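Work through the exercises below with the coordinates open. Try each task before you read its solution.

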Amino acid sequence: MEKKIASIVILVAKGADVNRLNSVLSDYSLVVLGRQGINIIHRQISIISLIVEADNDVIGALSGKIGRLKNIKVKTALLKLYNPDD
């Protein structure tokens, strides 16, 4: 299957299972190209932004596992990889 680049934005609210989230992210560490975390103290949330490179099935499995965690929301945007020969 063709690999794609995806941006995954994770909103982590108060009371979220962050240990389980970190475990899931660790399980998929081979496809993660970059990770950035931002705390928004006045809203009592954190946002994690991931850039991953994988096929649709892996990206879907990762976002699905994250989305099932308590007090966590996730949104994914996919991009087809650029091919200079096209």
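Helices (H or I, at least four residues) and strands (E, at least two) are DSSP runs, numbered from the N terminus. This is a predicted model: local features need pLDDT of at least 70, side-chain atom pairs count only at pLDDT 80 or more, and totals for chains, interfaces and linings use all residues. Residues are numbered from 1 along each chain as its sequence is written, and side-chain values use heavy atoms, leaving out hydrogens and water.

**Exercise 1. Write down the order of elements in the protein chain.**

Step 1. Count the elements: the protein chain has 2 helices and 4 strands.
Step 2. Read from the N terminus: β-α-β-β-α-β.
Step 3. Take the box along the principal axes: the C-alpha atoms fill roughly 50 × 20 × 15 Å.

**Exercise 2. Work out the strand order of the sheet.**

Step 1. Apply the pairing rule: two strands pair if DSSP finds at least two bridges between them.
Step 2. E2 and E3 run antiparallel and are joined by 8 bridges. Within this pair, Asn39 has Ser46 in E3 as its bridge partner.
Step 3. The order is E2-E3-E1-E4, an open sheet of 4 strands with antiparallel pairing.
Step 4. Strand E2 (32–40) and strand E4 (72–80) are the edges, each pairing on one side only. From one strand to the next, the twist averages 15°.
Step 5. Add the helix: H1 packs on the sheet and touches E1, E2, E3 and E4. Contact here means heavy atoms within 4.5 Å. The direction of H1 makes about 170° with that of E1; axes are lines fitted to C-alpha atoms, for helices over the stretch in contact, and angles run from 0 to 180 degrees between N-to-C directions.

**Exercise 3. Find the residues that touch the most other members of the largest nonpolar core.**

Step 1. Such a core is a set of buried Ala, Val, Leu, Ile, Met, Phe, Trp, Tyr and Cys residues joined through side-chain atoms within 4.5 Å. Buried means under 20% relative accessible area (1.4 Å probe, protein chains only).
Step 2. The core has 19 residues, and Ile10, Leu21, Val52, Leu62, Ile66 and Ile72 touch the most other members.
Step 3. Strand E1 (3–13), helix H1 (18–27), strand E3 (45–55) and helix H2 (56–67) each give two or more residues.
Step 4. Check Ile10: beyond four places in sequence, its contacts include Leu21, Ile66 and Ile72.

**Exercise 4. Which side chain of opposite charge is nearest to Lys4?**

Step 1. Lys4 lies in strand E1 and is buried.
Step 2. Glu2 is the nearest, 5.5 Å away. Lys and Arg count as positive and Asp and Glu as negative; His and the chain ends are not counted.
Step 3. Lys4 has no salt bridge (a side-chain nitrogen of Lys or Arg within 4 Å of a carboxyl oxygen of Asp or Glu).

Definitions and conventions
Buried means under 20% relative accessible area, exposed over 50%, partly exposed in between (1.4 Å probe, protein chains only).
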